[in-house]
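This report describes the fold of one protein chain, beginning with single helices and ending with the interior. Please keep the sequence and the structure in view while reading.

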Amino acid sequence: RSTPKPSSAASDVYKRQVQMIKDRGGEATSISADLTKSEQCKKVVDFAISKWGRLDILDNNIGIASKLSVVDEPEENWDHVMDINLKPMFLMSKYAIPEMIKSGNGGSIVNISSISATRPRGFTTYSASKGAVLSLSQAMAVDHGADGIRVNCILPGPVYTPMVYSSGMTKQHRTQRQNASLIKMEGDGWDIGKAVVYLSSSWARYVTGHLMVVDGGCSLSSRPRG
């Protein structure tokens with residue numbers, strides 16, 4: 001795992017995630033890096049190769065939000081959002097793809113976007129960055145399909161994750177988000193993770209360039225989600 005700005009708090013979170021995986025019989029390790037820096041992205045890929053001897057899957061899951069319009073958004077914050085939400089996906093893929101090719105079996109890349117990319121709701125800069133992720137994913141699928149590398153993109157809806165509840169989320173807002181779903185269900189990080197597992201597995205061997213919406217039907221609903 002990695003973070004745009006490494007911190008001791010982030011490292012503690014990753015350690016807990018590693019332990020959670022081990023408690024379920026898996027094997028995991030963690031590394032912190034600034035993914036807006038080319039050499040740091042290469043460090044992460046090199047670390048994976050040194051640890052596992054090969055690289056098969058890359059899940060590009062990173063992002064920060066902004067609620068301002070283009071009129072109100074400071075230029076430096078626009079650059080900051082784009083630098084974190086888009087550049088790491090470019091850089092991590094840049095160094096991961098050659099290693100996937102070396103493995104001889106290709107690989108799978110899953111980029112995490114948002115339904116805000118296709119249905120903006122007042123997060124203009126965020127929506128623009130996540131819209132770019134859609135185009136990047138499909139262009140990469142075209143570029144590297146012949147190398148046996150599948151590239152897909154997930155568009156999560158309003159799911160309950162640490163990024164959401166760390167900044168505060170009232171019971172009323174959670175209920176509102178739940179009611180926005182056609183199936184009256186509040187999604188969480190596991191729902192997105194399971195979609196990543198599917199797209200990374202051999203079950204999805206014939207799936208590439210796909211934009212998968214995982215939102216409980218929120219995109220089809222006109223109900224407010226807070």
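At 1.5 Å a residue, what span should the 15 residues of helix 2 have, and how far apart are its end C-alpha atoms? The expected span is 21 Å, and the end C-alpha atoms of helix 2 are 21 Å apart, which agrees. The model examined here is a predicted one.

## Overall arrangement

The protein has eight helices and four strands. Read from the N terminus, these elements follow the order α-α-β-α-α-β-α-β-α-α-α-β. The protein comprises 226 residues, of which 39% count as buried. Among contacts with a separation of 6 or more, 72% join residues that are 24 or more positions apart.

## Helix 2 and helix 8

In helix 2, the buried residues are C41, V44, V45 and A48. They cover an arc of only 90° around the axis, so they sit on the same side of helix 2. The face of helix 2 turned away from this buried side carries E39 and S50, which are exposed. The buried residues of helix 2 pack against helix 4. Just after helix 2 comes G53, which takes a positive phi of about 85°.

Helix 8, residues 189-200, can be examined in a similar manner. Its 12 residues should span 16 Å at 1.5 Å a residue, and the end C-alpha atoms of helix 8 are indeed 16 Å apart. The buried residues of helix 8 are I192, A195, V196, L199 and S200. Viewed down the axis of helix 8, these buried residues fall within an arc of 135°, and therefore they line one face of the helix. K194 and V197, on the other side of helix 8, are exposed. The cover over the buried residues of helix 8 includes strand 1, strand 2, strand 3 and strand 4. At the N-terminal end, D188 caps helix 8: a side-chain oxygen of D188 lies 3.0 Å from the backbone nitrogen of W190.

The table sets out the two helices together.

| Helix | Number of residues | Expected span | Distance between end C-alpha atoms |
|---|---|---|---|
| Helix 2 | 15 residues | 21 Å | 21 Å |
| Helix 8 | 12 residues | 16 Å | 16 Å |

## Helix 3 and a buried asparagine

The buried residues of helix 3, which covers residues 75-85, are V81, M82, I84 and N85. They pack against helix 4 and helix 5. Is N85 of helix 3 buried or exposed? N85 is buried, because its relative accessible area is 0%, and buried means under 20%. A polar atom of the N85 side chain lies 2.8 Å from the backbone nitrogen of I64. Not counting residues up to four places away in sequence, N85 touches G63, I64, Y126, S129, K130 and V133.

Y126, one of these partners, also belongs to the one aromatic pair that the structure holds. In this pair, F123 and Y126 are edge-to-face, with 6.4 Å centre to centre and 70° between the planes. F123 is partly exposed, at a relative accessible area of 25%. Y126 counts as buried, at 13% relative accessibility.

## The nonpolar interior

In soluble globular proteins, nonpolar side chains tend to be buried together. Which members of the largest nonpolar core touch the most other members? They are L35, M92 and I109, in a core of 30 residues. Helix 2, helix 4, helix 5 and strand 3 each supply at least two residues of this core. The largest share, six residues, comes from helix 4. Apart from this core lies another, of 12 residues, among them V159, L199, M212 and V214.

When neighbours within four places in sequence are left aside, M92 is in contact with L35, C41, V44, V45, L58 and N60. C41, V44 and V45 are among the buried residues of helix 2.

## A residue of strand 3

V151 is found in strand 3. V151 is buried, with a relative accessible area of 0%. Where V151 and G209 are concerned, 58 residues separate them in sequence, while their C-alpha atoms are 5.6 Å apart in space. With neighbours within four places in sequence left aside, the contacts of V151 are I109, N111, S137, M140, A141, T208, G209 and H210. One of these contacts, I109, is also named among the core members that touch the most others.

Terms used
Residues are numbered from 1 along each chain as its sequence is written. This is a predicted model: local features need pLDDT of at least 70, side-chain atom pairs count only at pLDDT 80 or more; totals for chains, interfaces and linings use all residues. Side-chain values use heavy atoms; hydrogens and water are left out. The expected span of a helix is 1.5 Å times one less than its number of residues. Buried means under 20% relative accessible area, exposed over 50%, partly exposed in between (1.4 Å probe, protein chains only). The arc is that of the directions from the helix axis to the C-beta atoms. Contact means heavy atoms within 4.5 Å. A polar contact is a pair of N or O atoms within 3.5 Å; within protein, one must be able to donate a hydrogen and the other to accept it, and residues adjacent in sequence count only if both atoms are side-chain atoms. A nonpolar core is a set of buried Ala, Val, Leu, Ile, Met, Phe, Trp, Tyr and Cys residues joined through side-chain atoms within 4.5 Å. Rings of Phe, Tyr and Trp (its six-membered ring) pair if their centres lie within 6.5 Å; planes under 30 degrees apart count as stacked, over 60 as edge-to-face and the rest as tilted.
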